[in-house]
Amino acid sequence: MRGQSAFEYVVIVSIALLILFPIWVHVNNAVNDNRMELQRAYALNAVSRLKSAADAVYVQGEPAKFTVIVSFPPGVDSVTISNHEISIRMGNAAGTADAIATTLGPVSGTIFTGPGAHRITVMMNGTKVLLKEGA
């Protein structure tokens, strides 16, 4: 009798686990997808704000200068600022994604890739718009 109740208990727990495992996998995938979309949204927002500031400085000319605070998500691999383009490349287990914005005038500069808030100074430097961090 004892053996039969223990066996029934094991069968019930096994069935419950078989039902819960696919649900757990689905929820885990949904959470990872949402996390990736949130990171992409942060990167797109950062690129958009930098583009707006660079365009405003380019149109106004020298001595225009703006300070912009942007937030980078975790997983930023590189920030490229050259010619007429500002781009952020992010990587994670699912692959890489780029957030790109095209500016009115030529841009140059360097920005650190660490996650969190970055204070970026945007100013004219001759014929180019210079974006540099912490100035």
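Q: Which residues does Val76 touch, not counting residues up to four places away in sequence?

A: Contact here means heavy atoms within 4.5 Å. By that rule, and with neighbours up to four places away in sequence set aside, Val76 touches Ile88, Arg89, Met90 and Thr113. This is a predicted model, in which local features need pLDDT of at least 70 and side-chain atom pairs count only at pLDDT 80 or more, while totals for chains, interfaces and linings use all residues. Residues are numbered from 1 along each chain as its sequence is written, and side-chain values use heavy atoms, with hydrogens and water left out.

Q: Where does Val76 lie, and is it buried or exposed?

A: Val76 is part of strand S2, where helices (H or I, at least four residues) and strands (E, at least two) are DSSP runs numbered from the N terminus. Buried means under 20% relative accessible area, exposed over 50%, and partly exposed in between, with a 1.4 Å probe and protein chains only. Val76 counts as buried because its relative accessibility is 9%. The chain also brings a distant position towards this strand residue in a way that can be given as a number: Val76 and Asp98 are 22 residues apart along the chain, and their C-alpha atoms are separated by 9.6 Å.

Q: Which residues of the largest nonpolar core touch the most other members?

A: A nonpolar core is a set of buried Ala, Val, Leu, Ile, Met, Phe, Trp, Tyr and Cys residues joined through side-chain atoms within 4.5 Å. The largest one in this model has 26 residues, and those that touch the most other members are Phe72, Ile88, Val122, Val129 and Leu131. At least two residues of this core come from each of helix H1 (2-60), strand S1 (65-72), strand S2 (76-82), strand S3 (85-92), strand S4 (95-102), strand S6 (116-125) and strand S7 (128-133). Helix H1 gives the most to this core, with 7 residues. To follow one member outwards, take Leu131, whose contacts beyond four places in sequence include Leu50, Ile81, Ile86, Val107, Ile120 and Val122.

Q: How many salt bridges does a search of the whole structure find?

A: Side chains of opposite charge can pair when their charged atoms come close. The cut-off for a salt bridge is a side-chain nitrogen of Lys or Arg within 4 Å of a carboxyl oxygen of Asp or Glu, and the search finds 2 of them in the whole structure. In one, Lys51 pairs with Asp55, the closest N and O atoms being 2.5 Å apart. Because Lys51 and Asp55 are 4 residues apart in helix H1, about one helical turn separates them. Lys51 counts as partly exposed, at 26% relative accessibility, whereas Asp55 is buried, at 10%. In the other, the side chains of Asp98 and Arg89 meet at 2.7 Å, N to O; Asp98 counts as partly exposed at 33% relative accessibility, and Arg89 counts as partly exposed at 38%.

Q: Which residues is Asp55 in contact with, leaving aside its neighbours within four places in sequence?

A: Asp55, whose place is in helix H1, is in contact with Thr103 and Leu104 once those neighbours are left aside. Thr103 sits in the loop between S4 and strand S5 (107-110), and it counts as buried because its relative accessibility is 6%. With its neighbours within four places left aside, Thr103 is in contact with Lys51, Ala54, Asp55, His84, Glu85 and Ile86. Thr103 and Asn83 are 20 residues apart in sequence and 8.7 Å apart in space, C-alpha to C-alpha.

Q: Which backbone oxygen lies 3.4 Å from a polar atom of the side chain of Gln39?

A: A polar contact is a pair of N or O atoms within 3.5 Å; within protein, one must be able to donate a hydrogen and the other to accept it, and residues adjacent in sequence count only if both atoms are side-chain atoms. For Gln39, a residue of helix H1, the partner at 3.4 Å is the backbone oxygen of Pro74. Gln39 counts as buried, at 15% relative accessibility, and beyond four places in sequence it touches Pro73, Pro74, Met90 and Asn92. Thr103 can be read in a similar way, since a polar atom of the side chain of Thr103 lies 2.6 Å from the backbone oxygen of Gly105.

Q: Is Phe7 buried or exposed?

A: Phe7, which lies in helix H1, counts as exposed because its relative accessibility is 57%.
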